[in-house]
Amino acid sequence: MRYLLIVHVDPALTGRLSPEEGRDLTRRCRTYDDEHRRSGHIIACGPLAEPETGRIVRRRGDRTAVTDGPYAETKEHLGGFILIEARDMDEAVAIAAKSPMTAMGSIEVREQPPMG
């Protein structure tokens, strides 16, 4: 089964990191990613730019609306993703729990059901 690990980042926590702590977090995340690539769990992963750089696109009938920035004010924002292959939800949660990013926000685990 495939699972999407949705990384939510709390800027209040990441904002407190010193430059050295930020580099250490990045190093630990790369080690985590490399370990799970080697084990065959990670299919794809990556960080995302800050929410202010994004656009929201909506279509209602024939009208398309594009707005700047985040959709809603929240404590945490979407900071990245990890698409994994896991035996079941328990294994997916165990993989998510090992991520260094769990200390900087949260990771939501969602099954990717087969299409059609």
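This report describes a four-stranded open sheet and the helices H2 and H3 that pack on it.

## Basis

The model is predicted: local features need pLDDT of at least 70, side-chain atom pairs count only at pLDDT 80 or more, and totals for chains, interfaces and linings use all residues. Residues are numbered from 1 along each chain as its sequence is written, and side-chain values use heavy atoms, without hydrogens and water.

## Sheet

The open sheet has the strand order E2-E5-E1-E6, with antiparallel pairing (strands are DSSP E runs of at least two residues, helices H or I runs of at least four, numbered from the N terminus; a pair needs at least two DSSP bridges). Strand E2 (42-47) and E6 are the edges, each with a single partner strand, so one side of each has no neighbour in the sheet. From one strand to the next the twist averages 20 degrees (axes are lines fitted to C-alpha atoms, for helices over the stretch in contact; angles between N-to-C directions run from 0 to 180 degrees).

Antiparallel strands E1 and E5 are joined by eight bridges, and Leu-4 stands opposite Leu-83 in E5. H2 packs on the sheet and touches E1, E2 and E5 (contact: heavy atoms within 4.5 Å); its direction makes about 165 degrees with that of E2.

## Helix H3

H3 (residues 89-97) lies across E1, E5 and E6, at about 155 degrees to E6. Its buried residues are Glu-91, Ala-92, Ile-95 and Ala-96 (buried: under 20% relative accessible area; exposed: over 50%; 1.4 Å probe, protein chains only). They lie on the same side of H3, because they cover an arc of only 140 degrees around the axis (taken from the directions from the helix axis to the C-beta atoms). On the other side, Asp-90 and Ala-97 are exposed.
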